[in-house]
Every structure is written in structure tokens, then in C-alpha cells.
Amino acid sequence: MDTPDLAGQLMEHALGHLFSAALRTAARCRVADHLAAGPRTAEELAELTETHAGHLRRVLRYLATRDVFREDEAGAFHLTPLAEPLRTDVPYSQHAAVVMLTDEAFRRTSAGLEETVRKEGPSFERTFGQPFFAYLARDPELRELFDAGMTSLSGPIDAAVAGTYPFPEQGTVVDVGGGRGNLLRTLLRGRPGLTGVLFDQTPAISTHLLSGDEAVRGRWSAESGDFFTEVPKGGDLYVLKHVLHDWPDDACLRILRTCRAAMAPGARLLIVEAVLPEGNDPHPGKTLDVAMAAIVDGRERTEAEFTALLSAAGFTLARIVPTAAWPSVLEAVPAGLSGGAGPAARESGTDGRA
């Protein structure tokens with residue numbers, strides 16, 4: 001056993017918060033934007049970003065060890081495929097997502113993870129004195145940061161979902177807890193025969209993305225409400241994207257039963273979430289699972305856990321469709337309408353991972 005090497009690996013892991021801070025620094029300084037036209041030295045970048053050249057080079061050199069930027073022999077830094085989404089002017093930019101995820105609110109929450117493990121319950125609430133969503137409602141600045149970050153995160157996921165699951169050419173999609181509506185907009189743009197309903201609380205839909213988009217004009221409505229009590233009726237497809245992972249099982253059952261009560265015969269429910277694989281292989285959902293425990297008392301789930309949850313709410317898990325992104329699409333139907341309660345069908349090649 002190479003003890004010094006193992007010690008070095010543990011040191012790298014223990015200082016993981018520095019990588020997050022370095023990534024945030026590069027994002028806030030818009031380094032990727034400044035490299036869009038070609039490589040630049042740290043001195044050139046420092047002049048553009050009003051930073052200290054020596055310290056900036058050290059941060060970028062560190063990021064380059066993990067393929068975020070690359071330094072050449074002449075000391076110039078280049079964009080890499082992993083750094084490209086840090087640009088603010090590219091499709092599916094992750095700049096706002098990185099700024100959100102590295103914000104002080106989430107850093108402090110992660111620092112309190114031990115309290116979550118020892119005492120059970122989200123460290124966010126202990127740190128800030130309120131549950132996460134209640135705190136968002138009272139902090140407009142964090143709410144704006146969160147909405148922008150979630151829209152950024154959603155871009156590539158929404159495209160992957162819309163391009164993978166066989167959505168119908170006609171009918172009505174009800175996006176429950178759909179936030180600013182990027183998924184619904186993506187679906188409507190790709191299928192001119194579809195109509196849609198964006199359903200969420202007022203702060204989320206007040207800045208939705210559907211207005212002014214000529215490609216979807218006249219085919220959508222936005223309704224505010226509480227998905228714990230009632231959701232719009234009359235949909236052919238009900239979508240819950242990254243909703244259930246925010247909540248423990250008892251709350252999820254209330255959401256699912258509310259959807260079930262609104263669904264007419266023949267309607268289907270789509271859940272867009274990570275499906276956690278068994279074993280020790282890495283998966284973004286395993287990282288997000290710990291974050292959900294610390295922030296909102298939520299969780300990511302395995303196929304077996306989804307199956308049990310859906311069954312308790314009156315649904316049968318019919319199939320799981322993987323996407324090019326890390327979430328999958330779980331299709332559920334009201335129990336008794338799927339022709340059986342056996343294992344969910346799986347699309348070719350899926351193991352619950354992207």
C-alpha cells in the first residue's frame with residue numbers, strides 16, 4: 001500500500017471546498033468569456049478581469065488539473081470542453097448554475113452536514129432558521145439567484161428529455177412545479193400540436209419564459225397554486241421534473257395523490273429524476289442525494305424506492321427511459337391500467353443512469 005499516495009488523495013478530497021471556490025472565482029470573473037476568442041496569459045486575463053495576475057494563474061492552474069481550462073507551454077490558458085459551458089453566451093450555459101451552487105447559502109449548508117447526519121433534518125434550516133423554500137420566499141435576491149441557476153441547470157436536461165421521451169404530437173401537458181417553464185417551452189417548440197399548462201407558486205411563474213415566444217404563442221397558460229392541495233385537471237401528461245427529490249416520502253405521497261386525483265382515464269405521469277444505480281459507481285444523483293438531505297430533507301431514489309412510492313400513491317411504474325443527461329424519465333400510469341404490476345420496462349441499454 002502506497003501510504004503517501006493515499007494521504008495525498010485524502011488531502012485532495014479534504015480540500016474539495018477549494019475546488020468549488022476556484023470554480024466560483026473563474027465563473028464570477030468571467031474567465032471563460034474572455035477566452036472565447038482564443039488563449040490568453042494570466043497577465044492578459046488579470047487586466048481584463050481586474051484581478052491579481054499571480055493569484056489568478058495559480059487558481060487557473062489548479063482548475064486545469066481537473067480539465068477546467070488548459071495551460072500551454074507558453075503560459076497561455078485555453079478553453080476546454082469542460083470550461084466551455086462556463087461561458088455566458090453559449091447554448092445551455094452553466095454559468096448561472098455554478099454561481100448558484102457555489103453561493104454562500106449552499107456553502108454554509110454543506111458545512112453543516114455533520115448536524116444533518118447526527119441530528120437528522122436539513123442543516124439549511126438550522127443554519128438559516130427557516131426551511132429552504134420559506135427562506136426563498138422572504139429573500140428576493142436568493143430567489144432570483146436560485147431561479148436563474150435552476151434555469152441554467154435545466155437547459156441541457158430539458159433538451160435531453162424532450163429529445164428522448166416519445167412525447168405525443170397532440171394533447172395537453174401539465175408541468176407541475178414547472179418553475180419558469182423551460183421544459184414546457186422546449187416541448188411546445190418541438191411539437192406544434194401540443195398545448196401546455198405551467199403550474200407552480202406565484203414567485204416561480206411570475207418570471208416564466210413562455211411570454212413573448214412566438215413559437216409557442218396561444219398554446220400555453222400559467223396557473224399558480226399549491227401542488228399539495230390541487231393541480232389543474234384535463235391534462236394528458238402530467239410532468240413532475242425535479243419535484244419529488246425535494247421532499248420526504250410522506251410529502252411525495254401527497255403530491256402524487258393530488259396528481260392522481262386530477263388525472264382523467266388514459267392520462268400518464270412522467271417523473272424526471274435521477275434513478276440511483278446500485279453499487280459504488282459514481283453518479284451525479286448520489287452527490288445530489290446528499291445535497292437534498294442537507295438543504296430540504298429531500299432525497300434521490302432507486303428504482304425500487306420509486307416503485308414503492310408510486311404504488312402507495314395509486315400508480316404503477318410502467319417504464320424507465322434514460323436520457324443523454326443524468327436524470328431518467330419514469331413513466332407511471334394509474335394502477336390497474338398498465339396490464340400488470342410487474343417490474344418496469346426498461347429502454348435498451350438503461351441501468352438507471354444516463
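**Group meeting: a walk through the strands and helices**

Hi everyone, let's start with one pair of residues: Arg-40 has Phe-77 of strand E3 as its bridge partner. Before I go on, please keep in mind that this is a predicted model.

That pair belongs to the join between E1 and E3, residues 76-78, where two bridges link the strands and the direction is antiparallel. Zooming out, E1, E3 and E2 make an open sheet of three strands, in the order E1-E3-E2, with antiparallel pairing. Which strands stand at the edges? They are E1, residues 40-41, and E2, residues 70-71; each has a single partner strand, so one side of each has no neighbour in the sheet. As a general reminder, strands of a sheet pair through backbone hydrogen bonds, in either a parallel or an antiparallel way.

Now for a helix pair. Helix H4 covers residues 42-49 and helix H5 covers residues 53-64; the two pack at about 110°, and their axes are 8 Å apart. That angle makes H4 roughly perpendicular to H5, because the range for that label is 65 to 115 degrees. The crossing of H4 past H5 is right-handed. If you'd like to find the contact on screen, look on the H4 side for Ala-42, Glu-43, Leu-45, Ala-46 and Thr-49, and on the H5 side for Ala-53, Leu-56, Arg-57 and Leu-60. Sorted by class, this contact has six nonpolar residues, one polar and two charged.

Let's move along the chain to another pair of strands. Strand E4, residues 171-176, is joined to E5 by six bridges, and here the strands run parallel. One example to click on is Thr-172, whose bridge partner in E5 is Thr-195. Is E5 mostly covered or mostly open? Mostly covered: E5 spans residues 194-200, and six of its seven residues are buried.

Next comes a second helix pair, H11 at residues 140-164 and H12 at residues 182-190. They pack at an angle of about 40°, with axes 9 Å apart. That makes H11 oblique to H12. Their crossing is right-handed. From H11, the contact takes in Ser-154, Gly-155, Asp-158, Ala-159, Val-161 and Ala-162, which meet Asn-182, Leu-183, Thr-186 and Leu-187 of H12. The class count for this contact is five nonpolar, four polar and one charged.

I'd also like to show you two single residues. Gly-179 sits in the loop between E4 and H12. Why does Gly-179 count as buried? Its relative accessibility is 19%, and the cut-off for buried is under 20%, so Gly-179 falls inside it. Leaving aside residues up to four places away in sequence, Gly-179 touches Leu-198, Asp-200, Ala-204 and Ile-205. From Gly-179 to Ala-162 the C-alpha separation is 17 Å, with their positions 17 residues apart along the chain.

My last stop is Met-292, which is found in helix H15, residues 284-295. Met-292 counts as buried because its relative accessibility is 8%. What does Met-292 touch, not counting residues up to four places away in sequence? The answer is His-245, Asp-246, Asp-297, Gly-298, Arg-299 and Glu-300. To tie this back to the H4 helix, Met-292 and Thr-49 are 243 residues apart in sequence, and their C-alpha atoms are 34 Å apart in space.

That's my tour, thanks for listening!

Notes. Residues are numbered from 1 along each chain as its sequence is written. This is a predicted model: local features need pLDDT of at least 70, side-chain atom pairs count only at pLDDT 80 or more; totals for chains, interfaces and linings use all residues. Side-chain values use heavy atoms; hydrogens and water are left out. Axes are lines fitted to C-alpha atoms, for helices over the stretch in contact, and angles run from 0 to 180 degrees between N-to-C directions. Helices (H or I, at least four residues) and strands (E, at least two) are DSSP runs, numbered from the N terminus. Angles under 35 degrees count as roughly parallel, over 145 as roughly antiparallel, 65 to 115 as roughly perpendicular and the rest as oblique. A crossing is left-handed if the near helix is turned anticlockwise from the far one by less than a right angle, and right-handed if clockwise. Contact means heavy atoms within 4.5 Å. Ala, Val, Leu, Ile, Met, Phe, Trp, Tyr, Cys and Pro count as nonpolar, Asp, Glu, Lys and Arg as charged, and the others, Gly among them, as polar. Buried means under 20% relative accessible area, exposed over 50%, partly exposed in between (1.4 Å probe, protein chains only). Two strands pair if DSSP finds at least two bridges between them.
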